[in-house]
Amino acid sequence: MHNERCMSGSASDHAKPAIARSPRRAWSTPPYIPTWAGFLYLAMVLDVYSRRIVGWAMETHLRTELILSALEMALAQRRPEAVIFHSDHGCQYTSYAFGKRCQEADVMPSMGSVGDAYDNAMAESFFATLERELLSRRRFKSQAEAKMAVFEWIEGWYNPHRRHSSLGYRSPVNYERAHQHAVTLIKRPALLPPAASDRTHGVRSEEETRRRRSIGEDEKLSTETGQVQYVAFVIDVFARYIVGWRVSRSMHTDLVLDALEQALHARQVGEGLIHHSDRGVQYLSIRYTERLQEVGVEPSVGSTGDSYDNAMAESIIGLYKTEVIRAPGPWRSLDAVEYATLEWVDWFNNRRLLEPIGYVPPAEFEQEYYRLNIGQALAA
């Protein structure tokens, strides 16, 4: 499948492949994925300009709903204007529901000539790469295992790391960042640690330096079956980067310990790190405190009943509930919540623009910090 706004697909003249001069101008979109539990079908939306996968969905059927799910993900990520969506002549793309949704979103449908293997070559190339690098090398026992593997390959490898000769041997994410830096006319605010705002939100630290502070927070969720689920986050205060998280059916200390261990694994913790949290019994437990002491992290808890003391964590929890938990409706299982949380954390860290750090994603803010500091160190 191909979906674009000018991101992936073929040109409307059908004589040569589409060429996008900027991101979000053209899109393109499924191979089937065999598992021991039956076939899965993958629909994807590809940005022609950078070859980035901006939307994708997997289902056990090839109905129009599969294509619409991938399109909705692309629209949510890109918020396009006057985009072209190029595809083949599949009945899903010629359906009334798909055409109506494209019209509502100001997306212009485009289709290739019948039986033309070159017309949608960019999308076909992506599927060939997926087949060669993932599907032909693994066998999946369940559909859930296949979904997780495809998710990790797209979001963890293809978009951020896989290099393309057509992009100057850069990954889609890095190619888009280079474009953004080249065309921006708005000077970003100075990349200084948010010292004043952190103190206002109850994060206490003597040295306002990189990776000196982290925040722990947990939240309660409910599923369609009436089961209660809990989620814990560990947030790096400097860039608002979520460095650890965990979903569980209980609020035992293991919930917050697992999130902490993920954060410790992701970050090389140095001296002077402060872990701030509320006064939940999990954070005050002996096991949690001993673990912080083992790794040289100084625990910090807020004052009782102070809603502003841990406001940064509460703000991110609020975003998580608004953008993930409440939007789709009641959740069916813990696995569904955990998978949705995994997708959201990846999106939040790498693509969500945050006003306190200059309207850039947390990952980009950290990379810019390192680039500037390494450059200053080499100059010195």
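These exercises, each with a worked solution, explore a predicted model.

**Exercise 1. Classify a ring pair.**
Task: What kind of aromatic pair do Phe126 and Trp153 form, and which elements hold the two rings?

Solution:
- Start with the idea. A pair of aromatic rings is described by the distance of the centres and the angle of the planes.
- Take the distance. The ring centres of Phe126 and Trp153 are 5.8 Å apart. The limit for a pair is 6.5 Å.
- Take the angle. The planes stand at 55°, so the pair is tilted. An edge-to-face pair would need over 60 degrees.
- Place the rings. Phe126 lies in helix α3 (residues 121-135) and Trp153 in helix α4, so the pair ties together parts 27 residues apart in sequence.
- Check the surroundings. Phe126 is buried, with a relative accessible area of 2%. Trp153 counts as buried at 7%.
- Widen the view. Ring pairs join Phe126, Phe127, Trp153 and Tyr158 in a cluster.

**Exercise 2. Try a second ring pair.**
Task: Are Phe238 and Tyr369 buried or exposed, and what kind of pair do they form?

Solution:
- Geometry comes first. The distance is 5.0 Å centre to centre, and the planes are 70° apart. The pair is edge-to-face.
- Now the positions. Phe238 sits in the loop between β9 (228-236) and β10, while Tyr369 belongs to helix α12. They are 131 residues apart, and the pair links distant parts of the chain.
- Last, the exposure. Both Phe238 and Tyr369 are buried.
- For the whole model, the count is 19 aromatic pairs.

**Exercise 3. Follow the salt bridges.**
Task: Which parts of the chain do the salt bridges Arg246 with Glu338 and Glu323 with Arg352 tie together?

Solution:
- Recall the principle. Side chains of opposite charge can pair when their charged atoms come close.
- Begin with Arg246 and Glu338. Their side chains meet at 3.9 Å, N to O. The cut-off is 4 Å.
- Locate them. Arg246 lies in strand β10 and Glu338 in helix α11, so the bridge ties together parts 92 residues apart in sequence.
- Check exposure. Arg246 is partly exposed, with a relative accessible area of 28%. Glu338 counts as partly exposed at 28%.
- Turn to Glu323 and Arg352. This salt bridge spans 2.6 Å, N to O.
- Locate these two. Glu323 is in helix α10 (residues 311-325) and Arg352 in the loop between α11 and α12, so parts 29 residues apart in sequence are tied together.
- Check exposure again. Glu323 is partly exposed at 28%. Arg352 is buried at 18%; buried means under 20%.
- Add the total. The model has 19 salt bridges.

**Exercise 4. Describe a pocket.**
Task: Which element gives the most to the lining of the second largest pocket?

Solution:
- Note the volume. The second largest pocket has about 500 Å³.
- Find the centre. Of its 25 lining residues, the closest to the centre are Glu155, Pro160, His161, Asp346 and Asn350.
- List the elements. Those giving two or more residues are α4 (143-158), α5 (172-183), β10 (241-248), α11 (334-350) and α12 (362-379).
- Pick the top one. α11 gives the most, with five residues.
- Sort by class. The lining has nine nonpolar, eight polar and eight charged residues.
- Look at one central residue. Asp346 forms a salt bridge with Arg351 (2.8 Å, N to O). Arg351 and Asp346 are buried.

Conventions. Residues numbered from 1 in each chain as written. Predicted model: local features only at pLDDT ≥ 70, side-chain atom pairs only at ≥ 80, totals over all residues. Heavy atoms only, no water. 1 Å grid on protein atoms, 1.4 Å probe; cavity = no way out; pocket = protein on both sides within 12 Å on 5 of 7 lines; lining within 4 Å. Points joined across faces, edges and corners; volume = space filled by probe spheres on them. Helix = DSSP H or I, 4+ residues; strand = E, 2+ residues; numbered from the N terminus. Nonpolar A, V, L, I, M, F, W, Y, C, P; charged D, E, K, R; others polar. Phe/Tyr/Trp six-rings, centres within 6.5 Å; stacked < 30°, edge-to-face > 60°. Buried < 20%, exposed > 50% of the residue type's maximum accessible area, 1.4 Å probe, protein only.
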